[in-house]
Amino acid sequence: MTEPEPPPFSSASASVVEVEVEVEIDESLTLIPGLPKDVAALILSLIPYSHQARLKATCKSWRLFLSSKTLRRLRRRELCSQSHLLCIFPQDPSLESPFLFDRDNLAWAPLPTTPPNPHTYGLCNFTSLSIGAHLYVLGGSLFDTRSFPIDRPSPSSSTFRFDFTTHSWESLAPMIHARGSFACAAGSSNHILVAGGGSRHPVFSAAGTRMNSVERYDIGKNEWVELERLPGMRAGCVGFFVEKEEKSGFWVMGGYGEERTIGGVFPVDEYCRDAVVMQFNNSTGCGNWREVGDMWEQGERVRVGKIVVVEDHERSGHPGVFMLDGNHIFRYDMASNRWQEESHVPKKNPHNSAFGFVVLDGELHVLTLLNAFDPQETRRKRHHKRAGTLYIQIYHPKKKTWRTLITKSPFPHRLDFNTAVMCSIRL
């Protein structure tokens with residue numbers, strides 16, 4: 001009996017993908033009759049990722065080849081070609097399937113949900129990133145029926161990994177400290193760094209916990225190790241890694257630190273205007289924190305916006321750091337420790353709703369809904385249930401040009417970009 005196949009990419013499909021078991025390739029099977037196996041394998045390697053699931057049903061040899069690590073190796077080493085995909089988590093990945101978006105083919109496909117927990121009913125403020133053919137989901141603010149009060153989330157230490165070869169999730173070693181809303185970055189192909197965080201409600205954002213612990217995950221050993229703590233408490237921050245020949249740096253920006261109250265009753269966040277960097281010695285793997293200082297003057301802005309990082313393959317160690325603040329895009333200048341205006345979004349978001357901001361194949365993608373509704377219009381209840389159409393504005397940092405894409409949203413409800421988690425994947 002053959003293993004169940006994942007559904008092909010579709011703009012309307014929302015079914016859950018079944019788990020596929022990795023199998024070895026039978027060398028006796030012919031990929032394309034009349035052609036040598038290496039030539040046939042090279043031809044099949046040119047198929048975009050968005051069409052592979054559909055073609056697996058052609059024959060047994062194609063199914064085995066398109067599910068093997070050989071395909072990934074050919075695309076990466078021989079062809080130097082990879083599919084750039086966007087993964088969107090609309091909410092708790094154990095309750096609702098995340099979706100992959102193939103920008104080049106305007107196609108969508110669901111991923112299976114993470115392993116369920118019978119005691120939990122919601123996860124937010126988690127972080128997702130991809131390394132190679134794996135997708136990671138880390139931490140978050142977890143709603144648990146065993147906690148009191150049940151409407152107050154607690155931090156999670158869970159770590160999950162999705163393997164695109166076996167098309168399945170697995171649970172990894174949990175973080176030493178539970179955390180949500182934290183800085184996270186891939187230190188290299190073998191390590192993941194996390195810093196700060198805490199737990200807070202996705203709607204009632206004020207208050208919540210804060211922490212300054214820092215950890216590094218060794219992928220090969222499947223273990224977490226504590227590193228030197230942040231100079232101060234920080235949550236809601238973002239992180240990225242700058243890799244250089246001698247010294248590399250783990251940057252942590254923005255977020256909120258101390259907490260104050262208005263009239264001794266209403267909690268208010270004190271937002272961080274500074275950045276800190278852990279400088280690593282590449283030979284020893286040890287690092288210490290260095291405070292960079294305030295990135296803007298008092299009164300210039302309240303807090304940092306959504307931040308993304310574009311790797312510069314021509315100048316290693318000099319990534320482009322961009323921030324979306326309202327309808328404006330700023331670039332961070334490390335030398336002056338200041339944000340400089342880069343461009344503005346051509347089509348403003350109606351009704352002041354949130355943008356989605358992510359990097360895909362070296363370009364900045366600003367996502368919004370075309371038929372966004374006004375929250376004041378409560379009488380149009382049917383309109384609220386419609387998923388809408390995604391309007392994607394794409395900015396090329398080097399060419400300094402904009403272009404647009406339009407695609408139908410595959411989700412059964414409207415995306416909330418304030419809580420949705422997004423990351424890019426290269427396969």
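R103 is buried, having a relative accessible area of 7%, where buried denotes under 20% relative accessible area, exposed over 50% and partly exposed the range in between, computed with a 1.4 Å probe on protein chains only. The side chain of R103 meets that of D104 in a salt bridge with an N to O distance of 3.7 Å, a salt bridge being a side-chain nitrogen of Lys or Arg within 4 Å of a carboxyl oxygen of Asp or Glu. D104, in contrast to its buried partner, counts as exposed at 57% relative accessibility.

The model is predicted, so that local features need pLDDT of at least 70 and side-chain atom pairs count only at pLDDT 80 or more, whereas totals for chains, interfaces and linings use all residues. Residues are numbered from 1 along each chain as its sequence is written, and side-chain values use heavy atoms, with hydrogens and water left out.

The protein comprises five helices and 31 strands, taken as DSSP runs numbered from the N terminus (helices H or I, at least four residues; strands E, at least two). Of its 427 residues, 49% count as buried. Among contacts (heavy atoms within 4.5 Å) between residues at least 6 apart in sequence, 55% join residues at least 24 apart. The exposed area amounts to about 20,900 Å², of which carbon and sulfur atoms supply 51%; accessible areas come from the Shrake-Rupley method with a 1.4 Å probe, and for residues only the protein chains shown count as cover.

The largest nonpolar core has 20 residues, and those with the most contacts inside it are C87, L100, L135, F164 and I425. Such a core is a set of buried Ala, Val, Leu, Ile, Met, Phe, Trp, Tyr and Cys residues joined through side-chain atoms within 4.5 Å. Two or more residues are contributed to this core by each of strand 1 (84-89), strand 6 (134-138), strand 9 (159-163) and strand 31 (421-426). When residues up to four places away in sequence are not counted, the residues touched by C87 include L100, L111, L135, C423 and I425. Another core, of 18 residues, lies apart from the largest one and has L367, L415, F417 and M422 among its members.

The count of disulfides, defined as pairs of cysteine sulfur atoms within 2.5 Å, comes to zero. For C272, which is buried at 11% relative accessible area, the closest cysteine sulfur is that of C237, at 7.8 Å, too far for a bond. C423 is likewise in no disulfide, the nearest cysteine sulfur, in C87, being 5.0 Å away.

In total, the structure holds 17 salt bridges. R273 pairs with D294, the closest N and O atoms being 2.8 Å apart; because R273 lies in the loop between strand 20 (266-271) and strand 21 (274-281) and D294 in strand 22 (residues 287-294), this pair ties together parts that are 21 residues apart in sequence. Both residues are partly exposed, R273 at 23% relative accessibility and D294 at 37%. A further salt bridge, at 3.9 Å from N to O, joins D312 and K398. This pair links distant parts of the chain, with D312 in the loop between strand 23 (306-310) and strand 24 (320-325) and K398 in the loop between strand 29 (389-396) and strand 30 (401-408), 86 residues apart. Salt bridges that share partners also join R103, D104, D361, E363 and R403 into one network.
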